[in-house]
Amino acid sequence: MDVQKVLYMVGGSGETSYAANSKIQEKAILTITPMLEEAIGEIYRNLLPEKMVVADLGSSSGPNTLVVLSKVIKIISNQCLRSGQQPPEMLFFLNDLPNNDFNNIFQSLNNGEESVRAEKGSISVPHFVAGLPGSFYGRLFPRQSVQFFHSSYSLMWISQVPKEIGDKRNGMPLNKGNIYIGKTSPPLVVKLYQEQFHRDFSHFLKLRFDELVPCGQMVLSFLGRNKENILDGELSTIWGSVAESLDSMVREGLVEEEKLDTFNLPFYAPSAAEVETIVNLQGLFDIIHFHTFESNLDPFHDLDDNVVFDNVQSGANCAKVIRSVLEPMIASHFSSAIVDDLFSRFATHVANHLLKEKLKLPVLALLLKKKE
Ligand SMILES: C[S@@+](CC[C@H](N)C(=O)[O-])C[C@H]1O[C@@H](n2cnc3c(N)ncnc32)[C@H](O)[C@@H]1O
């Protein structure tokens, strides 16, 4: 699987698009807003820059992209109001992989401009927006040219599926029956995923360290896991339901077994301890804050909702969220012809699971400051 080609969210603004199905991700951005305020405020006060470069890594397309942008502008506007300083000229880079629907972002920029203007009060912050296609596991900017990086719901996507996961052992695919780390994955699969994440995340930190100006900061939030047992992680349960839905299609002859055997996600949900260890081992950033929180996979119900809810409707809500993320990868590996059926089976699976427990998405959120 060539991750750079097949990893992108469903484009446009239709019913199955990421733009129409990214409310959970928006909630995460709202949760980490105090970190954004702290980081941007401190950068502004320390550097009083005349020009400021901000990049959102893995921005995708849809309303969330502009939420981050307008929040940063509002924070700067408030800082300038307080300090009586002229606002800096701001340059925003919206980064994602090349198949991301950048056109959708550019087309929605005019609406976004209006909301930025409406929110920002009396200080107008001059700003420019550019799309930046490319992997954040490679260099994206010249040295010491960026004041602030933001990235939400993206860093759990690793740069590649570890190659050996596709190997066979005694004639059987190593990760038979799973598309990620699942209950039946052997320890080698866990080790390979873990090592790939460690390599990727360390590399990401080094690249961003080089690109940040002195005193530059980053706010990163991404999916992780709270469960001690890695085989039983929250995301293993969700991807496990996708695997079982695919498996039911294999049993009915609708999907080739070999196709399922060779499909593994370029994804890893780390624990907070793993992430902290990598940041500390690298030694390039100070961890200013590290929070974890959970959201419900169903964007229309919070985890603490006690209302009697309709598990079938909730299963369908969850399926829309997952489809907007996985559809391009599924269509590319299997066929676009299986997508409707697959996500309808997945919705039923989730509906049954919801009778036992809600599906939780643990999010790790960090504010990192470049070391002197
Ligand atoms: C779930 S979306 C998150 C979008 C947005 N930040 C939000 O919070 O709604 C994850 C995005 O990360 C992008 N992504 C994954 N790996 C990437 C990489 N190596 N380089 C750049 N973008 C990447 C995906 O293409 C996708 O658009």
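User: How much space lies in the largest pocket?
Analyst: About 600 Å³, counted as the space filled by 1.4 Å probe spheres set on 1 Å grid points joined across faces, edges and corners. A pocket here is an open set of points with protein on both sides within 12 Å along at least five of seven lines. This is a predicted model: local features need pLDDT of at least 70, side-chain atom pairs count only at pLDDT 80 or more, and totals for chains, interfaces and linings use all residues. Residues are numbered from 1 along each chain, and side-chain values use heavy atoms, without hydrogens or water.
User: Which residues lie nearest its centre?
Analyst: Met9, Tyr153, Ser154, Met156 and Trp157, out of 41 that line the largest pocket (an atom within 4 Å of a point). Elements giving two or more residues to that lining include α4 (63-83), α7 (234-251) and α10 (311-333). Helices are DSSP runs (H or I) of at least four residues, numbered from the N terminus.
User: What about the second largest pocket?
Analyst: That one holds about 350 Å³. Among its 20 lining residues, Lys183, Ser236, Gly240, Ser241 and Glu244 are closest to the centre. Helix α7 gives the largest share of this lining, 7 residues.
User: Back to α10. How many of its residues are buried?
Analyst: 17 of 23, so α10 is mostly covered (buried means under 20% relative accessible area with a 1.4 Å probe, protein chains only).
User: Where does α10 bend?
Analyst: At leucine 326, by about 55 degrees, with proline 328 following within four residues. The bend is the angle between axes fitted to the seven residues ending there and the seven starting there.

Methods:
Buried < 20%, exposed > 50% of the residue type's maximum accessible area, 1.4 Å probe, protein only.
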